[in-house]
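Please examine the structure shown here and follow the account below, which moves through selected helices, their packing and a few individual residues.

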Amino acid sequence: MSERLDSSRLASLPAAVRRPAFDRVALKRGIVHLGLGAFARAHLAAINDDALDAGEAMDWGITGVSLRHADVRDALEPQQGLYALTLRDAAGTRVRVIGSVLEVLVAPEEPGAVLERIASAATRIVSLTVTEKGYYHDPATRALRFDHPDIVHDLSHPEAPRSAIGFLVHGLARRRADGAPPLTLLSLDNLPANGDTLHGLVIAFAERVSSGLARWIERDCRFPNSMVDRIVPRTVAADLAQAEAALGGVHDAGAVVAEPFLAWAVEDRFASGRPDWRAGGAQFVARAEPFEKLKLRLLNGAHSAIAYLGVQAGWDTVDRAVAQPALARFIDALLRDEVAPTVAAELPGFDLAAYRAQLLQRFANPALAHRCAQIAMDGSQKLPQRWLGTVRERLAAGAPIEHLVLALAAWCTHLRGHDEAGRSYPLDDPLAAPLAALQAAAMARPTAQERAAIFVRFAPVFGDLADAQGLVAPLARALDALASQGVAATLEKFTQ
Ligand code: CS2
């Protein structure tokens with residue numbers, strides 16, 4: 001049995017491993033982070049470590065909260081919150097131990113402790129990476145789903161909520177009752193105007209609790225928008241083995257792997273201060289929305305297109321998919337001709353061509369093994385902001401959408417639950433049941449035109465696009481092409 005990473009092992013780790021330069025014993029809690037998955041450990045916590053290393057005050061330690069599972073807590077607790085972050089690309093590997101995380105709570109096991117941390121006067125920021133579906137909103141309209149069983153439960157269980165929104169609002173109610181200082185609620189999820197979206201959902205829920213609470217939140221809390229970017233695949237067994245080797249045989253059950261690239265554009269609107277995260281590469285901006293839109297539409301939009309085409313064709317990782325010349329050309333054309341023109345006006349002087357080239361390089365990173373199936377998850381929650389805003393604007397301008405629509409056809413095809421070789425996979429989406437019914441209803445129709453018309457009438461995803469002129473016909477052609485020729489041949493034709 002190998003030794004386990006913890007504070008007592010830090011000094012004897014191999015010299016190449018960077019470790020916290022700040023005094024962890026002096027570090028106090030100041031941030032509560034909901035959803036301490038691999039992304040937050042490779043992004044927020046790493047940036048926070050850089051700030052602490054650069055001399056930031058010692059009251060910005062992180063309490064991590066897992067809203068569902070105990071695995072992160074079980075991994076990090078015996079390690080006193082320490083874990084290794086490995087940055088990998090073709091040029092090599094860098095390993096560092098992150099020290100910002102002081103504790104991890106598992107919300108279903110101790111909801112009272114989570115509420116207490118949110119309410120605590122020492123907490124000045126509550127940040128979130130709970131993924132798109134963790135916001136319990138209707139993806140097309142962004143309205144809170146008051147019909148969702150967790151939200152129904154949370155309205156009547158202030159002492160033991162389940163959802164992030166429930167924890168936030170009931171925690172804020174305690175904060176208000178205690179007279180604790182104002183709080184910043186900081187969404188780090190891939191949603192458009194993520195801070196404003198969170199604000200809208202928190203207020204909608206708070207209104208049902210008490211209008212006084214809603215007004216207090218409006219007045220005293222801040223919800224900065226932010227654009228976060230770093231590709232962080234799910235950790236697999238091989239990553240843990242590599243981390244153990246890099247740590248000189250010390251086992252780390254909480255290791256995470258990411259690309260070297262990192263970006264964070266965050267609006268400088270904090271209610272009770274914030275660390276100087278610039279030391280870790282953050283950029284404080286007046287408006288994050290143009291950066292979010294750029295990143296959601298180009299990076300995440302391309303990611304989802306690669307994912308659905310890749311899963312169908314059997315290209316299992318992003319780097320293998322973009323190693324297919326026709327797919328690489330297709331993605332390049334999608335971004336250049338259909339997506340980038342919709343964000344250019346809001347980013348005057350920004351070098352979009354360089355950004356696109358860098359994206360393709362990041363996707364080609366051979367050291368990440370980022371699985372297409374992972375990105376293909378939760379499509380119903382992702383498509384509106386990744387593709388459909390672009391589609392809507394292009395249709396209104398009478399501009400071509402052929403590439404976007406092929407990606408959309410790949411998603412519709414994905415819903416059948418098997419790839420081109422007949423290998424089946426579970427449909428991993430909070431709307432899996434209605435989507436499977438949608439797919440069955442569409443496939444029962446004899447023509448591609450009718451199938452396309454059925455898909456676009458799925459309101460939670462398409463919203464008002466159901467009535468858009470000019471979407472059904474190209475979608476029908478793309479569905480037909482994928483069904484009759486498959487992904488590889490369709491892409492070849494597209495990019496001849
Ligand atoms: C990905 C993102 O899984 C997905 O849907 O598109 O997690 C992506 O890797 C990050 O947003 C990159 O910053």
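**Helix packing and selected residues**

Helices H6 and H7 are oblique to each other, because their angle of about 60 degrees falls into neither the parallel, the antiparallel nor the perpendicular class. The model is a predicted one. Two packed helices are described by the angle between their axes and the distance between the axes. For helix H6 (residues 164–178) and helix H7 (residues 194–209), the axes lie 10 Å apart, and the crossing is right-handed. On the H6 side, the residues that meet H7 are Ile-165, Gly-166, Leu-168, Val-169, His-170 and Leu-172. Their counterparts in H7 are Leu-198, Leu-201, Val-202, Phe-205, Ala-206 and Val-209.

The length of H6 can be checked against its residue count. With 15 residues at 1.5 Å a residue, H6 should span 21 Å, and the 21 Å between its end C-alpha atoms agrees with this. The buried residues of H6 are Ala-164, Ile-165, Gly-166, Phe-167, Leu-168, Val-169, His-170, Gly-171, Leu-172 and Arg-175. Just after the helix, Gly-179 has a positive phi of about 70 degrees.

Val-209 belongs to helix H7 and is one of the residues that meet H6. Is Val-209 buried or exposed? Its relative accessible area is 36%, so Val-209 is classed as partly exposed. Apart from neighbours within four places in sequence, Val-209 is in contact with Leu-155, Val-169 and His-170; Val-169 and His-170 are among the H6 residues at the packing of the two helices. Arg-41 stands 168 residues from Val-209 along the chain, and the C-alpha atoms of the two residues are separated by 33 Å.

A second pair of helices shows another arrangement. Helix H10 (residues 289–313) and helix H12 (residues 325–343) pack at about 150 degrees, with 10 Å between their axes. H10 and H12 are therefore roughly antiparallel, since the angle is over 145 degrees. H10 crosses H12 in a right-handed sense. The contact draws on Lys-293, Leu-294, Arg-297, Leu-298, Ala-302, Ala-305, Ile-306 and Leu-309 of H10. From H12 it involves Leu-327, Phe-330, Ile-331, Leu-334, Leu-335, Val-339, Ala-340, Thr-342 and Val-343.

Further along the chain is helix H17 (residues 432–443). Its 12 residues should span 16 Å at 1.5 Å a residue, and its end C-alpha atoms are indeed 16 Å apart. Which residues of H17 are buried? They are Leu-435, Leu-438, Gln-439 and Ala-442. Viewed down the axis of H17, these buried residues fall within an arc of 95 degrees, so they line one face of the helix. An α-helix has 3.6 residues a turn, so residues three or four places apart point the same way. The buried residues of H17 pack against helix H15 (379–396), helix H16 (402–414) and helix H18 (448–456).

Within H17, Gln-439 can be considered individually. Gln-439 counts as buried because its relative accessibility is 12%, which is under the 20% limit. When residues up to four places away in sequence are set aside, Gln-439 touches Cys-412, Leu-415, Arg-416 and Phe-455.

Several loop residues complete the picture. Ala-369 is located in the loop between helix H13 (352–363) and helix H14 (372–376). Its phi is near 50 degrees, a positive value in a residue other than glycine, and its relative accessible area of 45% makes Ala-369 partly exposed. Asp-378 lies in the loop between H14 and H15. Asp-378 likewise is not a glycine and has a positive phi, of about 60 degrees. Asp-378 is buried, with a relative accessible area of 3%.

Ser-100 lies in the loop between strand S4 (92–98) and strand S5 (101–106). With a relative accessible area of 0%, Ser-100 is buried. Which residues does Ser-100 contact, leaving aside its neighbours within four places in sequence? They are Phe-22, Leu-27, Ala-45, Asn-48, Asp-49, Leu-52, Gly-61 and Ile-62. Asp-49 is 51 residues from Ser-100 in sequence, yet their C-alpha atoms are 5.7 Å apart in space.

Technical notes
Residues numbered from 1 in each chain as written. Predicted model: local features only at pLDDT ≥ 70, side-chain atom pairs only at ≥ 80, totals over all residues. Heavy atoms only, no water. Helix = DSSP H or I, 4+ residues; strand = E, 2+ residues; numbered from the N terminus. Expected span 1.5 Å × (residues − 1). Buried < 20%, exposed > 50% of the residue type's maximum accessible area, 1.4 Å probe, protein only. Arc of directions from axis to C-beta. Contact = heavy atoms within 4.5 Å. Axes fitted to C-alpha atoms, helices over the stretch in contact; angles between N-to-C directions. Parallel < 35°, antiparallel > 145°, perpendicular 65-115°, else oblique. Left-handed = near helix turned anticlockwise from the far one by under 90°.
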